[in-house]
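Student: I've got a model open and a pile of labels to go with it. Can we go through where the labels come from?

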Amino acid sequence: MPAISILILTKDEQEHLPELLDTLAGFDEIVLFDSMSTDDTVKIAEDRGCRVVQRGFDNWASHQNWAMEHIDFKHPWVFYLDADERMTPAVRDEIAAIAALDDPPHRAYFVARDNFLFGRCLKHAMKDGYVMRFFQPDAVRFERLVNPQPVVLDGTAGYLENRFIHYHFSRGFTQWFEKHNRYATWEAEEWIEAERKTKVSWASVFSTDRHTRSQGLKRLSFALPFRPMLKFAQLYVFKLGFLDGRAGFHCSVLMGIFEYMIGLKVREMKRRARGDWA
């Protein structure tokens, strides 16, 4: 049995939670960190032996940091999942081996996901997307209102070799647009704050660490025109998203739309800040 605690963040996830829990057999602690669900999410979790902790959601960084600081996990290592994700045997074996080490080389690990749309794995359009999901809670904190970026307080971060599964669009496109409308507002606020506080770090743009390089390129992209079209071209052409068929095309379009939403909101916020309401 892996000496690892599982952390699941939920909000009204009765549809997806059972399938996730099916992939977590053998873990002796599963903590459901729930944002005051109104459906049967909590009942499903409790019936399956999970421990439930509830807190109203404010923003991603604050919410995740609260979990790091206030949840008393049974094990020193935690693997975090969302309800639309699935553990895989390969990742389970890899993290169990790390947790069993007396002196592991890192205190946190990034891991990649296989993203699915219309039953097809997006091997090109959403190929990488490394996220920090395996860590010792006292060693990490998170920044940003949305798509939070991890900060390792003590020690270093590594990368897992194996990938887990993410059904990125499983809640339907209506929910996707509703969620990304909220995310676009937070991203616009982060954009404006980043422009005010920081300059492009060329050291991060050319960093050998893939996560640092990704964040540096994202900051650089704020200054680029035609961001939505560039995003589509990046995913569909340069990352070979067209090899993912129709699913790759739809994914690339949606990501371009998201960039367009962010840009519009940035423009709106700046106009309103100047007192131009029209």
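Tutor: Sure, and keep in mind that this is a predicted model. Let's start on the surface: Phe118, Phe173, Phe177 and Ile257 make a nonpolar patch of about 360 Å².

Student: Why is Phe118 called exposed?

Tutor: The cut-off for exposed is over 50% relative accessible area. Phe118 has 58%, so it counts as exposed.

Student: And where does Phe118 sit?

Tutor: In the loop between strand E6 (108-117) and strand E7 (120-121). Its backbone is worth a look too: phi is near 55°, a positive value in a residue other than glycine.

Student: What about Phe173, buried or exposed?

Tutor: Partly exposed, with a relative accessible area of 30%. That label covers the range between buried, under 20%, and exposed, over 50%. Phe173 lies in helix H5, residues 173-197.

Student: How do you know that H5 has a span close to the expected one?

Tutor: H5 has 25 residues, and at 1.5 Å a residue the expected span is 36 Å. From its first C-alpha to its last, H5 reaches 35 Å, which is close to that.

Student: Which residues of H5 are buried?

Tutor: Among them are Trp176, Tyr183, Trp186 and Trp191, and the charged residues Lys179, Glu187 and Glu190 are in the list as well.

Student: Back to phi for a moment. What makes Leu240 stand out?

Tutor: Leu240 has a positive phi of about 65° although it is not a glycine. You'll find Leu240 in the loop between helix H8 (227-238) and helix H9 (245-273). At 35% relative accessibility, it counts as partly exposed.

Student: On to charges. How many salt bridges are there?

Tutor: The count comes to 19.

Student: Why is Glu29 with Arg51 called a salt bridge?

Tutor: The rule asks for a side-chain nitrogen of Lys or Arg within 4 Å of a carboxyl oxygen of Asp or Glu. For Glu29 and Arg51 the closest N and O atoms are 2.7 Å apart, so the pair passes. Glu29 lies in the loop between helix H1 (17-22) and strand E2 (30-34) and Arg51 in strand E3, so the pair ties together parts that are 22 residues apart in sequence.

Student: What makes that pair a polar contact too?

Tutor: A polar contact needs N or O atoms within 3.5 Å. The side chains of Glu29 and Arg51 make one at 2.7 Å.

Student: Are the two partners buried or exposed?

Tutor: Glu29 is buried, with a relative accessible area of 9%, while Arg51 is partly exposed at 32%. Leaving aside neighbours within four places in sequence, Glu29 is in contact with Ile4, Ser5, Ile6, Arg51, Asp72, Phe73, Lys74 and His75.

Student: How do you know that Glu69 and Arg141 form a salt bridge?

Tutor: Their side chains meet at 3.2 Å, N to O, and the limit is 4 Å, so the label fits. What does the pair join?

Student: Glu69 lies in helix H3 and Arg141 in strand E9 (residues 140-143), so the pair ties together parts that are 72 residues apart in sequence.

Tutor: Right, and Glu69 is partly exposed at 48% relative accessibility.

Student: What separates Glu268 and Arg272?

Tutor: About one helical turn, because they are four residues apart in helix H9. Their side chains meet in a salt bridge at 3.4 Å, N to O. Glu268 is partly exposed at 39%, and Arg272 is partly exposed with a relative accessible area of 39%.

Student: Which residues are linked in a network of salt bridges?

Tutor: Asp82, Glu85, Arg113 and Arg133.

Student: One more arginine. Why is Arg55 called buried?

Tutor: Buried means under 20%. Arg55 has 15% relative accessibility, so it counts as buried. Arg55 is found in the loop between strand E3 (51-54) and helix H3 (60-70).

Student: Which residues are in contact with Arg55?

Tutor: Leaving aside its neighbours within four places in sequence, they are Phe33, Asp34, Ser35, Met36, Ser62, His63 and Trp66. The side chain of Arg55 also makes a polar contact with the side chain of Asp58, at 2.9 Å.

Terms used. Residues are numbered from 1 along each chain as its sequence is written. This is a predicted model: local features need pLDDT of at least 70, side-chain atom pairs count only at pLDDT 80 or more; totals for chains, interfaces and linings use all residues. Side-chain values use heavy atoms; hydrogens and water are left out. Helices (H or I, at least four residues) and strands (E, at least two) are DSSP runs, numbered from the N terminus. Buried means under 20% relative accessible area, exposed over 50%, partly exposed in between (1.4 Å probe, protein chains only). A polar contact is a pair of N or O atoms within 3.5 Å; within protein, one must be able to donate a hydrogen and the other to accept it, and residues adjacent in sequence count only if both atoms are side-chain atoms. Contact means heavy atoms within 4.5 Å. Patches are made of residues with over 30% relative accessible area and no salt bridge: like charges are joined within 9 Å, nonpolar side chains (Val, Leu, Ile, Met, Phe, Trp, Tyr) within 5 Å. Accessible areas come from the Shrake-Rupley method with a 1.4 Å probe; for residues, only the protein chains shown count as cover. The expected span of a helix is 1.5 Å times one less than its number of residues.
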